Every structure is written in C-alpha cells, then in structure tokens.
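User: I am new to this structure and would like a close look at a single part of it. Please take one helix and explain how its residues are placed.

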Amino acid sequence: MTTAIDSATQATIDHWLNGNYDSETKAAIQKLLDNGESTELTDSFYKNLEFGTGGLRGVIGVGSNRMNRYTVGAATQGLANYLNAAFPDIDIKVAIAHDSRRMSPEFARIVADIFSANGIEVFLFSALRPTPELSFAIRQLGCQSGIVVTASHNPPEYNGYKAYWNDGGQVVAPHDKNIITEVNKITSIDDVKFDGVPEKIHLIDEEIDSVYVERIKSNSINPDVIARQKDLNIVFTPIHGTGITLVPRVLKALGFTNVNIVEEQAEPDGNFPTVKSPNPEERDAMRLALEKAEAINADLIMATDPDADRVGSGARNHHGQFELLNGNQMASLIIYYLLQAWKDNGKLTGKEFVAKTIVTTDLIDKMCDQYGVFCYNTLTGFKYIAQIIRELEGQQQFIGGGEESYGYLIGDFVRDKDAIASCAMIAELTAYAKDKGLSLFDLLMEMYQKFGFYYEGLISLTKKGKTGAEEIQQMMADFRANPPKQIAGSPVLRVDDYASLERTDLSTGEKNAIEAGKMGIESSNVLQFFTADGTKVSARPSGTEPKIKFYVSVNEPLKSKEEFDAVYDQLKKKVQSVMTDLNLE
C-alpha cells in the first residue's frame, strides 16, 4: 500500500532532485520514486534531521531526514561557523574520531574537509578509535572542539555524531543551543564548504594512543596485586566495535597475561552480525562472551559497545554461575574500590568528590558520606558530570563517577564515560578480590554488607505517536497534581520536581529549591519520590525515544553473605510491589 506524499515533503524531494546534489544521490531518489516507495520517501524528506543538544543521529540514506554527506555537511558547517565566532582571535583546532559503523570513515573525512575549508586545523584519527580517546585527544592537543562519528549502540542502519567542547566534554549550555541556532541557519547546501584544505588536516594515531594508555596505567592503585594475579582469566569482546583497538593493549600494559578475545566479535563490523543489538546492557550481546567464559572457566567477562564508552561485565556468583552485573552494581564497586584505596593511601583531604546521575543508585551517596567524600548528583547524561569536573577544577579533585547505563569514569584526563579505563579498573579490582581469595561477586556482597543491599529496577513504557506523547505528558501532569501518598506500604516523605527545581516535604507542605549551580542541575521533566523506608522512584520521559522510564531503587540491610539470596528475593518483590502500586505493569 502506498501513501500520498504531502506537498511540503514533495517540494523538498524536488529541491534535492533539482539542486546542487551529486548524481548518485539524485539517482537513489529517482529509484525510490520509480518504485513507488512513498512511505520511505516521506520518512526521508518530511523534515530535516535535527541537530540536538548532543549532535546528530539518524538512519543512513538519502534525504533531509537521513544521515548523508549533505545533512552531516550542513551540521558541520553550522558548528564551524559557531567555532569561528566563539574563538575569533585564536587558531582553532578540532579533533575527529569515528567508530566501526557503516559510513563512519567517510563521514569523518567529510567533517574534516569542511572544518579545514573553514580555516580550522584538523586532527583526524587515521582509523577507528574509542569515543573516550577523542575526549582525551581534545585536551591533549589543546583543541577547541571535537567530533566523534558514532551512533553508540543503535541498530546497524543508524549513524550519527557527538560534538565536544574544549574541555573534552560533550557540549552543554549555552553552547549546545547556540550551535543548534547556527546549524539551523544553513538553509542551502551551497552554504557548505565541502572542498577540504589538505594541509590543514593532520592524521593522528600512535602519538595519542601511547599517551592515553600511559594515563590509564597511572589510574592503577595496586600494581603489586596485578603482578601476583597477572594470569587472571579474562574474556573480552568489543562487539565488533572500537574497543578492540585499545582494551587488549591496556590490559597487557597493566600486566595481565591471560586475556581471551571473543574471536567471532573481534573484527570491527558496522553490521554487527552476531548480535540483535550491540548493547552490553542486553544479555544477547553478551551471549558469546558467556559461552567462552564457561568453556575456559574465566574469572571475568567484559564487553564494550561500538564506540567503547560503555562496558558490561560479568563474574561467577556464589552458586558458581556466571552473573552479569548491572550498571549500578559496577559503578558502586568501582567507587567502593577507589574510595577505600584513597583512604588507605591517606589521600582523602576533604576536597575530593564523586559524581553520578540522579537516577543512579544512592548506594554511592551512602558510601561517599561514610568516607567523607562529597557526591554530586546531576541530570541524566555524562556531559553534566563533565561540567561539574570543569566547574570544580582547581578547587576539588575528582575521584571517579558513573551512571546506571554502564558508563564510568576514573580520573579527570577524559571528560566522558570511558570503557577503556573502566575495563582496566574492573580487571584490577577483580584481581584485588582474587588476591584476597574472593571473586568479584564476593566483593559485591562484601560492599552490600557494609553499606546496605541496594537493588534497582527499570521499566520503560513505550507510547508511540502524537497520542503517545500526549499520554506521557498526562502521566507526568497527574503525578505532579496527585503524588502518591505511599509506595509499597511506605509513606512518601518527599517529592523532587526537576521541572520547577522544587523540593516538597509532604509531611509539612514546605517547599524549597533543589540545590543547583555546581550540581549541574537545570530544569528537566523529571520527578522523584522518596519514601520513609528508603525507596526512591524516578519518572523521566525519554528525550530521544517515545518512552517514559521509571527507575525504582530499594534497599535492605545484608547481615551476612548467607542471607544474600533471601534478601535479593525480598528486594525483587518490593520493586514489583512498587510497580504495581504505580500502575506500571
């Protein structure tokens, strides 16, 4: 069945057919027309691919709403114009990297050409590299901006790019909105300077790789432990992405000698042939790693996503079975290890801090409180953690941070989540546990005994189309107008509304401002409910998908490892009870 193409969409199609576009593009459009592909044509041309606060992301193909040389070109020209206006008196430099996706090398070269044509010095990685190394390169080379061509863990048909500022963090206010304004000013492809200036484009690789590897090595806390446990049995998969370039090298540099690569997923491949989705949060993406770990009796599994900013991990539990750790668990373990090490080494002076997002486990807050380290909470998005690090530079020292969606950062020489450095730290803390006769899972249970067993659940409700968007807004409006009086049998004591940045004490009705400023908090459509028994529920509509997400966090004491299973079952039932109370099933 074909659908009629509306006049505005048809006008855009005609513009592309008659405008200054290459013959291959026009032929592809004509083929769609000849085949009566009206639905595909409408999807491809009904709007312009938006340059959002994080950059670009879309399906690869011809059209104004697709990732191609022209949409990438227009976005890059807008960014180049903004850079030239923002830094009028200096020689501007940018760094560019790309992942293993289809068209990534080509898009990276187009971006390089356009920057160079606008008088900007370009440092282009000669081959695929992880996103965190791009962040590192910006700082190392003194660049004003940077681009990494990636669509993270999206399906194979997608690509995109993320834009970075001179601190190595993704762009935040006011630059994000200002860049969008400049991009939207590019109304004609004739405004884009596609003809690169070769002498302004410099290829980089080993000179950044080697320094980056050394900096990651400097994060190591217990090299003597690694030396004793150098044969730690590690399974690693890059899931066809950029992690293969540096994770094995970093682990070897630290002294680990028994790193086993999942060969079926070692080759960079933008089609991601062995998985449904190249997302280490999903068990299917970890299947081959789990099979290999069982076959060789491994101690640790690690898997990085295509641009290697996030890492999934797994270890044997107390029943001898491999268990995948979620993002809250691994973020907590990393922070636990770092805090104890900083304390043991006498490095805690009262000026250190940790940063995480507001939907990440409060176990991290509790640990920080007991170690006398401040924990900043930010909105969802690692760019806000980077913003806090920048704002506190020279005043407080960043230890580490993370978010529940499998992104972690150790030290401040990178300003985005870093799966390369995280793999190094996860391997080290597993070696540390083994040196004490424990598994990584034993260390997890030890942490729960000391600070409480925190368990988190997430439910995403998909509401498609215009009616779905309206339904999501209505849900948020209803929660604001009538917040729940109790959740899972415990009274709700407090509501935090990030849209108004207002905190309400439900027992007294007193309202106060949610602390802003250096917390990196700005107005956002997020609600949080806190109960008397320590349960926390966060409601957040997705900014990129037709979804509303509910993050549930519950906790109970864990007196002994023998009680782990019983408490675990109790917490899972409690999360289910919360979801039932809020009609989220």
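Analyst: A residue is called buried when its relative accessible area is under 20% and exposed when that area is over 50%, with partly exposed in between. The model is a predicted one, and the part chosen here is helix α17, which covers residues 465-481.

The length of the helix comes first. Helix α17 has 17 residues, and because each residue is expected to add 1.5 Å, with the span taken as 1.5 Å times one less than the number of residues, the helix should span 24 Å; its end C-alpha atoms are 24 Å apart, which agrees with that expectation.

The next matter is which residues are covered. In α17, the residues Gly-468, Ile-472, Met-475, Met-476 and Phe-479 are buried. They lie on the same side of α17, because the arc they cover around the axis is only 90 degrees. An α-helix has 3.6 residues a turn, so residues three or four places apart point the same way.

What lies against this buried side can also be named: the buried residues of α17 pack against four strands, namely β16 (453-462), β21 (527-531), β22 (536-541) and β23 (547-556). On the face of α17 turned away from the buried side, by contrast, sit Lys-466, Thr-467 and Ala-481, which are exposed. Taken together, helix α17 has a buried side that packs against strands and a face turned away from that side that carries exposed residues.

Technical notes: Residues numbered from 1 in each chain as written. Predicted model: local features only at pLDDT ≥ 70, side-chain atom pairs only at ≥ 80, totals over all residues. Heavy atoms only, no water. Helix = DSSP H or I, 4+ residues; strand = E, 2+ residues; numbered from the N terminus. Buried < 20%, exposed > 50% of the residue type's maximum accessible area, 1.4 Å probe, protein only. Arc of directions from axis to C-beta. Contact = heavy atoms within 4.5 Å.
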